[in-house]
Amino acid sequence: MVRFTLFGIPVEIQPWFWLTIALLSGALFNPDPAGIQYGLIFILAATVSILVHELGHALTGRRLGGGYPKIVLWAMGGLAYNEGGRFTKSGRFWMIAAGPGAGFILGGLVFLIMVAVFGLSDAANLAGWSLIGMKPTLSAESLEFALNREPLMSLFRSMLWINFWWGVMNLLPVLPLDGGQITQLFVKPQKLVHQIAIAAAVATAVVGLVWRESLFMALLFGYLAWQNYQAMQSLYRR
Ligand SMILES: [Zn+2]
């Protein structure tokens with residue numbers, strides 16, 4: 001267990017977190033030196049990005065509602081708790097939105113660094129390649145720079161991908177993701193919140209499997225759909 005304090009907020013990293021992130025990095029499936037190097041860089045990028053996301057929740061929460069925030073990175077990603085905080089509805093909204101917001105800002109900063117290194121056109125090309133797999137066309141100068149600095153390029157690529165795509169997925173209206181928690185603030189009754197979550201989760205699982213061929217997305221969102229179905233059923237049993 002790793003424990004430290006950031007901006008006065010206690011952070012705990014549980015051992016299972018590293019396993020999940022290592023699985024997501026793909027390094028365990030490509031155990032050659034290049035695969036392991038990319039995997040370690042991805043693990044670094046994911047850990048920093050998740051911490052920044054949770055710090056967005058925790059710092060905004062402490063500012064808007066007081067209380068004692070705490071961050072835990074565990075098997076299913078990151079969690080920011082706020083004990084004893086008192087929130088208005090808009091305060092709660094901003095606390096939730098600040099997580100994905102912090103991630104998008106971090107991704108934007110990485111893009112700005114890339115613009116400083118490669119110029120706008122080549123940076124945009126590389127971002128298109130990182131985010132949607134577009135084939136980049138680079139100037140000879142940028143290409144040489146990129147080919148000679150593979151670890152740095154892996155870092156840019158993972159940082160953009162994680163902060164953009166995880167941010168977008170996290171904003172889907174599926175409890176307990178941030179998007180689902182925002183839905184819960186504005187949609188009543190609770191049954192409808194779960195119905196929206198089930199529909200969105202099933203759609204995402206299908207899109208993930210068919211379009212991205214991602215078993216991980218299918219399993220994750222299939223599980224979230226099931227979890228919401230269970231929670232909805234338990235509403236009737238009260
Ligand atoms: Zn969050």
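## Helix H6 and its neighbours

The buried residues of helix H6 pack against six helices: H2, H3 (89-118), H4 (120-132), H5 (140-148), H7 (178-186) and H9 (215-236). This picture comes from a predicted model.

Which residues of H6 are buried? They are Met153, Ser154, Phe156, Ser158, Met159, Leu160, Ile162, Asn163, Gly167, Met169 and Asn170. H6 itself covers residues 150-170. Its 21 residues, at 1.5 Å a residue, should span 30 Å. The end C-alpha atoms lie 29 Å apart, so the length agrees with that expectation.

## The zinc site

Which residues coordinate the zinc ion? His53 and His57 each offer NE2, and Asp178 offers OD twice. The distances run from 2.0 to 2.8 Å. Histidine 53 belongs to helix H2 and aspartate 178 to helix H7, so named in the model; the pair links distant parts of the chain, 125 residues apart. Along the sequence, the donor residues follow the spacing H-x3-H-x120-D.

The geometry of the zinc site is irregular. Angles among the four donor atoms range from 51 to 145°. Four donors count as tetrahedral only if all angles lie between 85 and 135 degrees. For comparison, the ideal angle for four tetrahedral donors is 109.5 degrees.

Are histidine 53 and aspartate 178 buried or exposed? Histidine 53 has 13% relative accessibility, so it counts as buried. Aspartate 178 has 7%, so it counts as buried too. The cut-off for buried is under 20%.

## Glutamate 54

Glutamate 54 sits in helix H2, which covers residues 33-65. Glutamate 54 is buried, yet it has no salt bridge. The nearest side chain of opposite charge belongs to lysine 70, 13 Å away. A salt bridge would need a side-chain nitrogen within 4 Å of a carboxyl oxygen.

What does glutamate 54 touch, leaving aside residues up to four places away in sequence? Its contacts are Ile71, Leu73, Gly78, Leu79 and Ala80.

## Glutamate 83

Glutamate 83 lies in strand S4, residues 77-83. Is this residue buried or exposed? Its relative accessibility is 64%, so glutamate 83 counts as exposed.

Beyond residues up to four places away in sequence, glutamate 83 touches Gly67 and Tyr68. Phenylalanine 164 is 81 residues from glutamate 83 in sequence. In space, the two are 29 Å apart, C-alpha to C-alpha.

Definitions and conventions
Residues numbered from 1 in each chain as written. Predicted model: local features only at pLDDT ≥ 70, side-chain atom pairs only at ≥ 80, totals over all residues. Heavy atoms only, no water. Helix = DSSP H or I, 4+ residues; strand = E, 2+ residues; numbered from the N terminus. Buried < 20%, exposed > 50% of the residue type's maximum accessible area, 1.4 Å probe, protein only. Lys, Arg positive; Asp, Glu negative; His and termini not counted. Contact = heavy atoms within 4.5 Å. Expected span 1.5 Å × (residues − 1). Donors = N, O, S within 2.8 Å, 3.2 Å for Na, K, Ca; no water. Tetrahedral: all angles 85-135°; square planar, octahedral: opposite > 155°, others 65-115°.
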